[in-house]
Amino acid sequence: MSKNGYTEDSSEYFSAASQGYFKSEVDDVSEVREESLGEEAFDTVNSSIVSGESIRFFVNVNLEVQPSMSEGEVPSCACVLLHTSRKYLKLKNFEEEIRAHRDLDGFLAQASIILNETATSLDDVLRAMLSRFARDPNHAEPNCNLDLVMAKLFTDAGAPMESKVHLLSDTIQGVTATVTGVQYQQSWLCIICTMKALQKRHVCISRLVRPQNWGENSCEVRFVILVLSPPKMKSTKTAMEVARTFATMFSDITFRQTLLQTRTEEEFKDALMRQRQLLSVVPLGAYGYHRRSSSPTYRQSQPPKCRDFFPFGKGIWEDMLRRFPMYPLDFTDGIIGKNKTVGKYITTTLFLYFACLLPTIAFGSLNDENTNGAIDVQKTIAGQSIGGLLYAIFSGQPLVILLTTAPLAIYIHVICDICVDYNLDFHSFYAWTGLWNSFFLALYSFFNLSLVMRLFKRSTEEIIALFISITFVLDAVKGMVKIFWKYYYSHDYYHHTKRSSPLVNLFGIGTSLNSSLHSALNTSLLASTTKPVTSSIPDAVHAGQATAVLSLLIMLGTLWLGYTLYQFKKSPYLHPYVREILSDCALPIAVLTFSLISSYGFQEIEMSKFRYNPSENLFKMAQIHSLSLAAIGSAMVLGFLLSLLFFIEQNLVAALVNAPENRLVKGTAYHWDLLLLAIINTGLSLFGLPWIHAAYPHSPLHVRALALVEERVENGHIYETIVNVKETRLTSLGASVLVGLSLLLLPFPLQWIPRPVLYGLFLYIALTSLDGNQLFCRVALLLKEQTSYPPTHYIRRVPQRKIHYFTGLQVLQLLLLCSFGMSSLPYMKMVFPLIMIVMIPIRYILLPRIIEAKYLDAMDAEH
């Protein structure tokens with residue numbers, strides 16, 4: 001601050017790059033100097049201060065002292081405050097960002113170019129440019145006052161008359177960072193202005209006849225670029241983005257020298273088009289600066305070659321060499337040393353416990369019903385605990401969570417039906433099917449077939465992931481429809497139960513509603529024992545309606561409380577550590593709260609409980625020698641189809657866990673984990689325990705629970721990014737132990753958990769799994785206005801129409817999956833893995849015929 005009291009730290013927004021971003025020009029060099037203006041500068045100064053996004057300049061500072069002033073006016077010598085900031089902007093990537101070309105095309109179509117401008121002051125130059133807009137019918141703005149636009153360009157708009165500091169508000173200028181300071185490109189200046197009165201974007205370029213000295217760091221300006229825009233624009237069409245396009249072009253000294261030699265507007269336009277072409281194909285380092293590509297990381301798209309599958313067991317050996325040195329750290333990270341995260345480990349373990357236990361109970365009850373007690377809740381919990389423990393201890397990627405799933409329950413149901421039809425021993429046939437499945441999985445791992453998963457692009461993986469989330473939602477909805485059918489319309493129910501089979505009495509509705517992938521789950525949860533009907537039918541109807549309404553409220557309440565607590569870390573309430581604990585424990589708190597409300601708060605209202613029949617012999621080995629060769633051959637066919645499901649699910653979930661945006665550092669182990677999965681399921685098959693494989697969305701949610709997540713802002717849009725993840729075995733190990741100990745809690749208190757809480761759990765898992773799913777985000781774009789589009793990599797690099805085409809094609813593939821995966825025919829669900837494989841040629845053969853390959857690769861890229 002000078003002695004006169006004027007603030008002089010007028011550093012504005014900064015557009016540039018680090019060293020090497022722009023070419024250093026000898027005739028355009030000046031260092032940033034933070035020096036006082038001195039008393040003599042404030043007497044009567046009429047020099048220009050250009051202050052903008054990259055630099056400070058002096059512009060028409062009129063500090064003339066008035067001889068008298070009225071009360072309340074600010075004296076000329078009073079201090080005024082000027083808020084300024086600097087930031088770097090990346091060079092526009094003409095090779096990848098489609099908007100760069102469209103900005104230039106829009107300018108060339110309605111070019112506003114002033115050649116040989118004779119004005120010497122910055123104000124006169126800007127007035128001439130605004131007057132050009134006013135005279136040009138292509139740039140007419142009937143509701144805009146050019147004097148207001150002129151005032152808006154400077155910081156003294158709305159300031160007291162006696163203390164105006166005439167500085168440009170928003171500019172971009174090229175700089176290069178060196179060891180001695182910051183060197184500015186002083187021959188050009190880009191000025192930005194946004195006004196609500198404007199209806200569209202405007203760009204004007206003015207070339208001065210002679211270099212003008214407009215102050216510090218702007219000693220010889222020859223080009224002025226003026227960009228005007230409404231404030232409410234799509235993130236890729238803002239004034240800043242348009243200015244970044246032209247600033248990138250003018251950062252090249254050779255291009256500026258070419259423009260100085262042009263004589264007509266057509267030659268000027270031709271020079272712009274040639275520069276655009278050069279920037280689109282220029283190699284790294286040309287023009288004296290490095291073009292640091294902001295491209296996201298692309299997945300390896302080269303298909304594996306035959307030699308990649310040999311030698312035998314190569315992938316398993318490499319996985320062990322990669323992961324074994326990290327094995328001790330999997331137990332000590334976060335426990336010993338710096339950055340201890342014991343609290344997060346405990347909350348994550350509790351989350352995994354509830355997220356695994358409740359589906360295990362549900363599918364165990366389903367298996368109990370489908371197999372007539374051959375596989376029940378106890379065996380399902382025991383298999384889940386044993387398999388989870390072994391995988392947590394020996395796996396290469398312990399963040400992957402194993403779980404028995406609805407497709408596996410459907411396979412078990414089909415096997416049971418085959419055994420009934422052909423009079424086969426279920427335990428033996430089930431064991432042989434599992435042994436063949438493990439045999440094929442072992443072959444896949446030894447011959448490195450996990451490399452085939454390279455062909456699954458991100459878009460394909462997200463289609464499958466969104467399909468699974470949808471099935472969870474539909475499962476909950478259909479389950480609630482069944483409850484309403486059974487209880488709310490209880491007069492139909494009571495009349496129907498008198499003539500229906502016990503199975504129909506159990507379900508309350510026909511089997512026609514069994515159409516989702518997990519729909520059999522809904523039919524597996526039994527209602528609690530019906531009390532003798534001693535009241536009249538109207539009283540029974542009233543009680544049934546209360547049960548239905550309460551069930552709906554319990555389900556929605558579980559979802560609401562769980563998701564509210566999950567998002568609580570973003571709220572301003574309580575201490576950040578408390579918020580994080582509540583967010584990590586969202587699911588356990590929601591399940592326990594509404595289970596207690598249902599069991600104790602409304603004891604007089606009947607609620608459904610899951611089916612439970614204790615096992616007589618928990619571990620009994622199957623008599624595999626009792627089957628004929630024909631039966632063993634039939635089991636081989638089923639085992640092969642089952643192995644395809646295991647192969648795709650295991651590798652797909654592992655790929656989602658190891659996604660680059662998760663920033664995992666300890667390496668992958670696809671081949672070893674597949675072999676370990678085969679070994680685990682071999683034991684489960686022999687003892688009649690349900691199979692398990694990698695579960696979605698539990699595994700990505702496990703990663704999210706162990707991650708340090710930060711919120712960042714880009715162009716006004718808030719997005720979350722993972723900084724690091726604690727890669728540990730302790731959470732999955734602890735959860736598996738707790739699941740095993742839950743055998744001691746059967747049938748009570750676990751049976752106090754009602755069906756609606758399970759449905760709320762499914763909704764919660766489905767909703768939280770949508771975070772980061774680009775397919776879901778792009779579907780949501782169809783419902784948003786363009787100004788709300790986030791500045792994601794595909795928004796910048798792909799035309800909007802192509803984005804919507806690609807989204808529509810993904811939705812069609814999703815519907816194809818739903819038609820098979822949600823079919824009411826069990827045998828159609830068995831070929832579901834083949835439909836997943838069919839999506840590979842769709843992505844590589846069909847889609848490139850509709851959308852250019854470069855756009856497909858951009859939308860399949862990582863952030």
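Colleague: Buried means under 20% relative accessible area, and exposed means over 50%. On those terms, is cysteine 818 buried or exposed?

Modeller: This is a predicted model, and the state of each residue is computed from its relative accessible area. For cysteine 818 the relative accessibility is 15%. Because the limit for a buried residue is 20%, cysteine 818 counts as buried.

Colleague: How many disulfides does the count come to?

Modeller: A disulfide would require two cysteine sulfur atoms within 2.5 Å. Cysteine 585 is buried, with a relative accessible area of 11%, and cysteine 818 is buried as well, at 15%. Under the sulfur-to-sulfur rule, the number of disulfides is 0.

Colleague: In which helix does isoleucine 464 lie?

Modeller: The relative accessibility of isoleucine 464 is 0%, so the residue counts as buried. Leaving out residues up to four places away in sequence, the contacts of isoleucine 464 are Phe456, Leu652, Leu817, Met836 and Met839. Its place is within residues 458-488, which form helix α13.

Colleague: How far apart in space are isoleucine 464 and leucine 652, C-alpha to C-alpha?

Modeller: Leu652 is one of the residues that isoleucine 464 touches. In sequence, 188 residues separate isoleucine 464 from leucine 652. In space, the C-alpha to C-alpha distance of the pair is 8.9 Å.

Colleague: Which residues of the largest nonpolar core touch the most other members?

Modeller: In soluble globular proteins, nonpolar side chains tend to be buried together. Here the largest nonpolar core holds 132 residues, and helix α20 (residues 629-657) gives the largest share of them, 16 residues. Leucine 817 touches, among others beyond four places in sequence, Ile463, Ile464, Phe467 and Met822. The members that touch the most others are Phe426, Trp691 and Leu817.

Colleague: How many residues are in the second, separate core?

Modeller: Besides the largest nonpolar core, with its 132 residues, there is a second core, separate from it. Among the members of the second core are Phe94, Ala247, Leu259 and Phe268. Its number of residues is 32.

Colleague: Arginine 201 forms a salt bridge with which residue?

Modeller: The closest N and O atoms of this pair are 3.2 Å apart, and a salt bridge requires them to be within 4 Å. Arginine 201 lies in the loop between β5 (188-194) and β6 (202-212) and its partner in helix α1 (residues 98-109), so the bridge ties together parts that are 98 residues apart in sequence. Arginine 201 is partly exposed at 29%, whereas the partner is buried at 5%. The partner is aspartate 103.

Colleague: Which residue forms a salt bridge with aspartate 105?

Modeller: The closest N and O atoms of this pair are 3.1 Å apart. The bridge links distant parts of the chain, 171 residues apart, with aspartate 105 in helix α1 and the other residue in helix α6 (residues 265-281). Aspartate 105 is partly exposed at 38% relative accessibility, while the residue in α6 counts as buried at 14%. That residue is arginine 276.

Colleague: What is the N to O distance at which the side chains of arginine 704 and glutamate 720 meet?

Modeller: Arginine 704 lies in helix α22 (residues 698-705) and glutamate 720 in strand β11 (residues 717-725), so their salt bridge ties together parts that are 16 residues apart in sequence. Arginine 704 is partly exposed, at 22%, and glutamate 720 is partly exposed, at 28%. The N to O distance is 2.3 Å.

Colleague: How many salt bridges does the count come to?

Modeller: A pair is counted when a side-chain nitrogen of Lys or Arg is within 4 Å of a carboxyl oxygen of Asp or Glu. Some residues are linked in a network of salt bridges, namely Arg323, Asp330, Asp333, Lys666 and Arg729. The count of salt bridges comes to 23.

Colleague: What is the volume of the second largest cavity?

Modeller: In the whole structure, the search finds 7 cavities of 30 Å³ or more. The second largest is lined by 14 residues, with Gly388, Ile401, Leu402, Ser732 and Ser736 nearest its centre. The elements giving two or more residues to this lining are α9 (342-370), α10 (377-394) and α23 (730-741). The volume of this cavity is about 110 Å³.

Colleague: What is the relative accessible area of asparagine 448?

Modeller: Asparagine 448 is placed in the loop between α12 (426-446) and α13. Beyond four places in sequence, its contacts include Asp308, Phe309, Phe310, Pro311 and His671. Asparagine 448 is buried, and its relative accessible area is 1%.

Note on methods. Residues are numbered from 1 along each chain as its sequence is written. This is a predicted model: local features need pLDDT of at least 70, side-chain atom pairs count only at pLDDT 80 or more; totals for chains, interfaces and linings use all residues. Side-chain values use heavy atoms; hydrogens and water are left out. Helices (H or I, at least four residues) and strands (E, at least two) are DSSP runs, numbered from the N terminus. Buried means under 20% relative accessible area, exposed over 50%, partly exposed in between (1.4 Å probe, protein chains only). Contact means heavy atoms within 4.5 Å. A nonpolar core is a set of buried Ala, Val, Leu, Ile, Met, Phe, Trp, Tyr and Cys residues joined through side-chain atoms within 4.5 Å. On a 1 Å grid over the protein atoms alone, a cavity is a set of points where a 1.4 Å probe fits but cannot get out, and a pocket is an open set with protein on both sides within 12 Å along at least five of seven lines; lining residues have an atom within 4 Å of a point. Grid points are joined across faces, edges and corners, and a volume is the space filled by probe spheres set on the points.
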